[in-house]
Amino acid sequence: MAAQLIDGKKVAADIRAKLKIEIEELKSKGIHPGLAVVLVGENPASQKYVASKEKACAEIGVASFAHKIPATTTQPELIKLIDQLNNDTKVDGILVQLPLPKGLDEKEVMNRISPAKDVDGFGPEALGKLVLDEPGFVACTPHGAMKMIEAYGIDPKGKHAVIVGRSVIVGKPLALLLLRKHATVTICHSRTPNLKEECLRADILCAAVGKAKTITGDMVKEGAAVIDIGINVTPEGKIVGDVDFDAAKERAGYITPVPGGAGPMTIAMLMYNTVLAAKMAAGMKVDI
Ligand code: NDP
């Protein structure tokens, strides 16, 4: 039986529509959410991501402040910009588009962002709070994956979730979020032997690897929910995920497409975090 498609585009549009209404209300109280987007250099993929983020801001009424600076920018210059944005009251959230050009220290830059403006949720405070189950900014891509699961009524409680990929921005936070929802979680990575066996145990299978067809159809348990976070470009120029979609959909219960799954959700959750940051900056009580 073919899987039910998890329409990330639609879930993301619903989230943005709700945010748009909330932003109108906030503006009537004098609160104007603002996001600063820092793009260093001219990486075409990064330029595309930044353009999508700016478009999402414009659509729902978030002010976006773009800082497109040359690849020759030095570390002290970039740090100075982050400090300026940290101190700018019009800026509620700061997003530095990764990867940074060679020679720049990503870790120092990310750690410099004020925890109150870390809408990407990559900094130590946001990640620490996630581990401690305390309210804080949740990294956008894993948060978006959870929202898709929730939107389709998939309850992780008591289920076995397998995540392939252990990065700080996707795999690890996603594992913590699934754990928070009472799943039993296995994290796999490049040194995991028997990846297929691990995946076949998954009721919820999440792929965040960055290699097309890492997950083949025979690695999917009948009826599983498959969440594909990978973004890969084939030699023909097609965007695909990490999962062999056509084969996996024949066995899965639910499956996210690429594109149209995790991608739009990531941007929607960035908008969500920016609104959250604006409310917190205004001293409002927030429910995270
Ligand atoms: P990383 O490269 O940081 O991490 C990849 C992970 O995959 C690592 O943990 C690595 O293991 C693991 N891995 C690599 N090869 C294998 C293998 N053959 N079997 C099992 N595990 C393997 O990537 P990210 O987490 O940053 O991103 C993952 C993917 O998600 C990428 O395609 C990226 O483009 C996409 N992405 C999509 C977003 C969206 O908005 N949709 C946002 C962010 C990322 P090890 O740790 O051992 O090296």
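How far is the sulfur of Cys140 from the closest cysteine sulfur, and in which residue does that sulfur lie? I come back to this in point 5; here are my notes, in the order I would look at things on screen.

1. A reminder before we start: this is a predicted model. The protein chain is divided into domain 1, residues 30-114, and domain 2, residues 140-263. Their C-alpha centres lie 29 Å apart.

2. Helix α1 is a pleasant place to begin. It covers residues 8-28, and its 21 residues should span 30 Å at 1.5 Å a residue; the end C-alpha atoms are indeed 30 Å apart, so the two agree. Gly8, Val11, Ala12, Ile15, Arg16, Leu19, Ile23 and Leu26 are its buried residues. Viewed down the axis, these buried residues fall within an arc of 130 degrees and therefore line one face of the helix. An α-helix has 3.6 residues a turn, so residues three or four places apart point the same way. The partners of the buried residues of α1 are α2 (44-60), α6 (140-151) and α10 (262-281). Lys18, Ile21, Glu24 and Ser28 are exposed on the face turned away from the buried side. After α1 comes Gly30, with a positive phi near 85 degrees.

3. Helix α3, residues 75-87, can be read in a similar manner. For its 13 residues the expected span is 18 Å at 1.5 Å a residue, and the end C-alpha atoms are 19 Å apart, which agrees. Buried here are Gln75, Leu78, Ile79, Leu81, Ile82, Leu85 and Asn86. They fall within an arc of 155 degrees seen down the axis of α3, so they line one face of the helix. Packed against these buried residues are the strands β2 (34-40), β3 (63-69) and β4 (93-96), together with helix α4 (106-112). Pro76, Lys80 and Asn87 are exposed on the other side of α3.

4. Now to the largest nonpolar core, which has 52 residues. The members that touch the most others are Leu35, Leu174, Leu178, Ile227, Ile229 and Met271. Helix α10 supplies the largest share of this core, with eleven residues. Domain 1 and domain 2 both give residues to the core, so it lies between them. Leu35 deserves a closer look: beyond its neighbours within four places in sequence, its contacts include Cys57, Val62, Phe65, Ile94, Leu95, Val119, Leu270 and Met271.

5. Back to the opening question. The closest cysteine sulfur to that of Cys140 is in Cys57, 11 Å away, too far for a bond. Cys140 is buried, with a relative accessible area of 3%. Cys188 is in no disulfide either, the nearest cysteine sulfur being that of Cys199 at 5.5 Å. Cys188 is buried too, its relative accessible area being 0%. In the whole structure, the search finds zero disulfides.

6. Finally, a word on Arg180, which is found in helix α7, residues 171-180. Is Arg180 buried, exposed or partly exposed? With a relative accessibility of 32%, Arg180 counts as partly exposed. Leaving out residues up to four places away in sequence, Arg180 touches Lys129, Leu130, Asp133 and Glu134. Lys157 is 23 residues from Arg180 in sequence, and their C-alpha atoms are 9.0 Å apart in space.

Note on methods. Residues are numbered from 1 along each chain as its sequence is written. This is a predicted model: local features need pLDDT of at least 70, side-chain atom pairs count only at pLDDT 80 or more; totals for chains, interfaces and linings use all residues. Side-chain values use heavy atoms; hydrogens and water are left out. Helices (H or I, at least four residues) and strands (E, at least two) are DSSP runs, numbered from the N terminus. The expected span of a helix is 1.5 Å times one less than its number of residues. Buried means under 20% relative accessible area, exposed over 50%, partly exposed in between (1.4 Å probe, protein chains only). The arc is that of the directions from the helix axis to the C-beta atoms. Contact means heavy atoms within 4.5 Å. A nonpolar core is a set of buried Ala, Val, Leu, Ile, Met, Phe, Trp, Tyr and Cys residues joined through side-chain atoms within 4.5 Å. Domain bounds come from an automatic or database domain assignment. A disulfide is a pair of cysteine sulfur atoms within 2.5 Å.
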